Amino acid sequence: MADSRKSNDSNGSLKITSYNIRGLKGKHQDIEFIKYLGNFDIFILLETHALPDAPAIEDFMDQQPDFEVLHWKDATKEFDAGRAIGGCLVGIRHSLKELGITHRVGEANGLKVLQLRMGKKELNVVPLYIRTKDWKYEFKLVEKAFANSTICPGNVIVMGDLNCRIGEFKQEVEPNLCVANRNGRRASDKKRCPHGSVFISFCDANQLQILNGLTHGDPKGRFTSISATIDLAAVSRSLMPWVVDFKVDTPHEDLTRHGSDHLPICLEVDLNFLRGSGARSRVSSPGQPSHSTVVPFDTSIPWTEPTLDSPIKTEEVIFVLRHRSGRKFPRRRLNNVVDVIAFNCNDLLNEPDENKTIISNMFFLLSDTTRIVLNIVIRRLTKWCRKNRLLSDCQFSFSGKYSKIDFVYSLSTIANIKLAKKGTKVYSYFVQFASVLPMLNERLWFKLKKMGVPSKIINFLRVTCKRDEYRNELLNYFRTGKGVLSKLMFSLYLYDLPEELEGGPGLVVDNRRVGILMYADRIAILAGSSNALQDMINQLEEYCDKWGLLVDMGKSEVMVFRRGGSISAFENWMITGKKSKPLPRQFSLTSCLLLRCRIKNKFLK
């Protein structure tokens, strides 16, 4: 056992477990149990049911030569018959002294604290077992101890069986390496009891971050007993950069282990905290896209599609020139030069060059060949997408049938249908993206090829987007809302978003699940409950991380449609690690969206 932990010491981590063992009697004969405890530097055993003079304690201590076992809290016997209740033992590995870590048992207003010290640095571990019967009284002692003691608020670990259920309550989350769910905890146990609300308030008041359902080791918030999550761990927020991981140690086969109806919770902390070294490197802050998923576009592999990369015809050139903004020219005057323009356009399409232009002095204008080819390519792509139904039915833009007013009308109709049932709410998240810079890399071209866009068209668009004029159009699109190229590119870039959210909860309307509505890059995510909306927001953020998108937090809002009534104080959502509350009541669907569409009067008529 000592050898197995010696290798872990070299990793510089401190491993702690809290385990409700449901009785210590006979555990000294359980070889697997003894070996299991050998994986940790500190173990906290709860509900030992052992009185101070119980033989089980001596037998157990004989099996733990590598640990100093402390009688943390003795069990008590309320009745003459039956077993004792409660009891706690704490074990500290002897080899920690070799690393320069000393320990002592402190007391803060009656609350016992295990204080680990290395030099001037101190780490306070608070083992807790709160009985359901006397929960309010016992937890009140904990609150008073934290409020009136000298416990350093930045160096605290709270672990134990709290006998309270906190559901999926969200706390704001800072980006750290151990964090898997940056939008807050997830939980298999969705129920929250009054005691759980008290514990949550206690954590917020003392700057403690609850780890259950937050880390890579426990991303889904597993049950810690057969049907509930009542064994909890929380650490000081300032200690989070040194948290390596937290997990609920679930066995592979059975629901429980070692004769207990609870599962052990395990915490690993970087020892550099006690050494006074710098914090572990943080991940990029929320909203900063990850570029690790960039897939390079291979230009050496040709891909053709006759509908898109066929030679440009003179009819297409004439249509573009006659429908250009500004001065119009009759067809008979264009016929004299249209063949030359078509030849130049085909030359540019076959061999893209950002400097190729053609000047037609006959019309007293500078006709940019790139602009002509670009308009032709946009028309071809739009028709091709409609014909092959490449864009989802949720996408109203470029469908040829729908407009912004249809997007708003559909959203309003869905909300009204659901609200016809008394007590129903419709939760929505209106999303607007903030930046397009990440799209200028290989992600966009990879997606276009995945859709089946031919290599010739992709090469032309790549060269075109390098020109300052079109590059600035892409970069400023979300600020100005202008640019047909940008609008189409973003619609194509987001073509697989509805598919990514397909497994989400959404809303069921007329036996059809509707989870998202889109108009180009403007998105409305719909759900029937607060938790369902959070799940879909999490899916959206995973998609944004994967494809390098940024959400404009200033313009993206949560809206709750309802017929009267108030919104619960617990109805808030974590977006990029920060809490977001719904829009004020005076905001309505028409005022929020129709003002953007500038068709309010027409729509209301």
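How many bridges join β5 to strand β6? To find out, select residues 102–108, which are β5, and residues 111–118, which are β6. The two strands run antiparallel and 7 bridges join them.

Before you click further, a word on what you have open. This is a predicted model, where local features need pLDDT of at least 70 and side-chain atom pairs count only at pLDDT 80 or more, while totals for chains, interfaces and linings use all residues. Residues are numbered from 1 along each chain as its sequence is written, and side-chain values use heavy atoms, with hydrogens and water left out. Helices (H or I, at least four residues) and strands (E, at least two) are DSSP runs, numbered from the N terminus. Strands pair if DSSP finds at least two bridges between them.

**Stop one: the sheet around β5**

Stay with β5 and pick A108, which stands opposite L111 in β6. Now add the rest of the sheet: it is open, with 6 strands in the order β5-β6-β7-β8-β10-β9 and mixed pairing. At the edges are β5 and β9 (208–210), each pairing on one side only. From one strand to the next, the twist averages 25 degrees. For angles like this, axes are lines fitted to C-alpha atoms, for helices over the stretch in contact, and angles run from 0 to 180 degrees between N-to-C directions.

Next, select residues 194–205. This is helix α5, which lies across β9 and β10 (231–236) and runs at about 135 degrees to β9.

**Stop two: a cluster of rings**

Show the side chains of Y19, F33, Y36, F40, F43, F60 and F67, which form one aromatic cluster. The structure holds 15 aromatic pairs; rings of Phe, Tyr and Trp (its six-membered ring) pair if their centres lie within 6.5 Å, and planes under 30 degrees apart count as stacked, over 60 as edge-to-face and the rest as tilted.

Zoom in on F43 and F60. Their ring centres are 6.1 Å apart and their planes are at 80 degrees, so this pair is edge-to-face. F43 sits in strand β2 (residues 42–46) and F60 in helix α3 (residues 55–62), 17 residues apart. F43 counts as buried at 0% relative accessibility. F60 is buried too, with a relative accessible area of 0% (buried means under 20% relative accessible area, exposed over 50%, partly exposed in between, with a 1.4 Å probe and protein chains only).

Keep F43 and swap F60 for F67. Here the ring centres are 4.9 Å apart and the planes are at 55 degrees, so the pair is tilted. F67 lies in strand β3 (residues 67–73), so the pair ties together parts that are 24 residues apart in sequence.

**Stop three: two crossing helices**

Select residues 338–350 for α10 and 369–388 for α11; their axes come within 9 Å and cross at roughly 75 degrees. That makes α10 roughly perpendicular to α11 (65 to 115 degrees counts as roughly perpendicular, under 35 as roughly parallel, over 145 as roughly antiparallel and the rest as oblique).

Light up I341, N344, C345, L348 and L349 of α10 with T369, T370, I372, V373 and V377 of α11, which make the contact (heavy atoms within 4.5 Å). These residues divide into 7 nonpolar, 3 polar and no charged. Ala, Val, Leu, Ile, Met, Phe, Trp, Tyr, Cys and Pro count as nonpolar, Asp, Glu, Lys and Arg as charged, and the others, Gly among them, as polar.

**Last stop: the sheet around β15**

Finish with an open, antiparallel sheet of 4 strands in the order β19-β20-β15-β22. Its edges are β19 (516–519) and β22 (557–561).
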